Amino acid sequence: MLFQEWEQTEHDKCMATLRHEKAFAALSAPELRAMLKCARRRVLPRYAIAFREGAAAAHFYLLLHGKVELLTSEGHVRHVQAAADAPRGQLIGLEGLIGHG
């Protein structure tokens, strides 16, 4: 599903999530909207693997609602959660995309 087809609440939550991130703080609302036009909505089934540590990154993820478990090769676990009624979600995977992960 293309970003333009999302519900307004999802649009708003994506914009708020990106505005909260240091990497995107300097972008204007029109610039953020232009960037999000490339976004795709994915709903992953429980226990699905979205990406693997060390794999070449091609995307980052905005978790709008639900929770994920991030597992490292060293066995460390990090839980990331976003409530459906929260004003913004969580950004995941940007570090790997820009080479800081």
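Guide: A residue counts as buried when its relative accessible area is under 20%, and as exposed when that area is over 50%. Keep those cut-offs in mind. This is a predicted model.

Visitor: Let me try the cut-offs on a cysteine. Is Cys14 buried or exposed?

Guide: Cys14 has 1% relative accessibility, so Cys14 counts as buried.

Visitor: And is Cys38 buried or exposed?

Guide: Cys38 stands at 65% relative accessibility, so Cys38 counts as exposed.

Visitor: How many disulfides does a search of the whole structure find?

Guide: Start with the general idea. A disulfide is a covalent bond between the sulfur atoms of two cysteines. To count here, the two sulfur atoms must lie within 2.5 Å. A search of the whole structure finds zero disulfides. For Cys14, the nearest cysteine sulfur is that of Cys38, 13 Å away. Cys38 is likewise in no disulfide, and its nearest cysteine sulfur is that of Cys14.

Visitor: On to packing. Which residues make up the largest nonpolar core?

Guide: In soluble globular proteins, nonpolar side chains tend to be buried together. In this model, the largest nonpolar core has ten residues in all. They are Cys14, Met15, Leu18, Phe24, Leu32, Leu36, Ala39, Leu64, Leu91 and Leu94. Helices α1 (8–20) and α2 (29–36) each supply at least two of them. The largest share, three residues, comes from α1. Another core lies apart from this one. That core has five residues, including Leu63, Leu70, Ala82 and Ile92.

Visitor: Take one core member. Which residues is Met15 in contact with, leaving aside its neighbours within four places in sequence?

Guide: Met15 is in contact with Ala29, Leu32, Arg33 and Leu36. Of these, Leu32 and Leu36 also belong to the largest nonpolar core.

Visitor: How do I read helix α1 itself? What span does α1 reach from its first C-alpha to its last?

Guide: Compare the span with what the residue count predicts. The 13 residues of α1 reach 18 Å, close to the 18 Å expected at 1.5 Å a residue.

Visitor: Which residues in α1 are buried?

Guide: Glu10, His11, Lys13, Cys14, Met15, Thr17 and Leu18. The buried residues of α1 pack against α2, β1 and β4 (90–92).

Visitor: Pick one of those. What does Thr17 touch, not counting residues up to four places away in sequence?

Guide: Thr17 lies in helix α1, and at 1% relative accessibility Thr17 counts as buried. Thr17 touches Leu62, Arg88, Gly89, Gln90 and Leu91.

Visitor: Now the strands. How many bridges join β2 to β3?

Guide: Look for bridges, then for direction. Six bridges join β2 (residues 66–71) to β3 (residues 77–82), and the two strands run antiparallel. Check two partners on the structure. Gly66 has Ala82 as its bridge partner in β3, and Val68 has Val80. Between the strands of this hairpin sit five residues. Gly75, in the turn, has a positive phi of about 95°.

Visitor: Where is there a positive phi in a residue other than glycine?

Guide: Go to Tyr47, where phi is near 70°. Tyr47 is found in the loop between α2 and β1 (61–63). At 73% relative accessibility, Tyr47 counts as exposed.

Visitor: Last topic, the rings. How many aromatic pairs does the structure hold?

Guide: Read each pair by centre distance and plane angle. The structure holds two aromatic pairs. Phe24 and Phe60 have ring centres 5.7 Å apart and planes at 35°, so this pair is tilted. The pair links distant parts of the chain, 36 residues apart. Phe24 is in the loop between α1 and α2, and Phe60 is in the loop between α2 and β1. Phe24 is buried, with a relative accessible area of 9%. Phe60 is partly exposed, at 24%.

Visitor: And why do Phe51 and Tyr61 count as a stacked pair?

Guide: Planes under 30 degrees apart count as stacked. The planes of Phe51 and Tyr61 are at 15°, with ring centres 5.4 Å apart, so the pair is stacked. Phe51 lies in the loop between α2 and β1, whereas Tyr61 is in strand β1. The pair therefore ties together parts that are ten residues apart in sequence. Phe51 is partly exposed, with a relative accessible area of 41%.

Definitions and conventions
Residues are numbered from 1 along each chain as its sequence is written. This is a predicted model: local features need pLDDT of at least 70, side-chain atom pairs count only at pLDDT 80 or more; totals for chains, interfaces and linings use all residues. Side-chain values use heavy atoms; hydrogens and water are left out. Two strands pair if DSSP finds at least two bridges between them. Helices (H or I, at least four residues) and strands (E, at least two) are DSSP runs, numbered from the N terminus. A nonpolar core is a set of buried Ala, Val, Leu, Ile, Met, Phe, Trp, Tyr and Cys residues joined through side-chain atoms within 4.5 Å. Buried means under 20% relative accessible area, exposed over 50%, partly exposed in between (1.4 Å probe, protein chains only). Contact means heavy atoms within 4.5 Å. The expected span of a helix is 1.5 Å times one less than its number of residues. Rings of Phe, Tyr and Trp (its six-membered ring) pair if their centres lie within 6.5 Å; planes under 30 degrees apart count as stacked, over 60 as edge-to-face and the rest as tilted.
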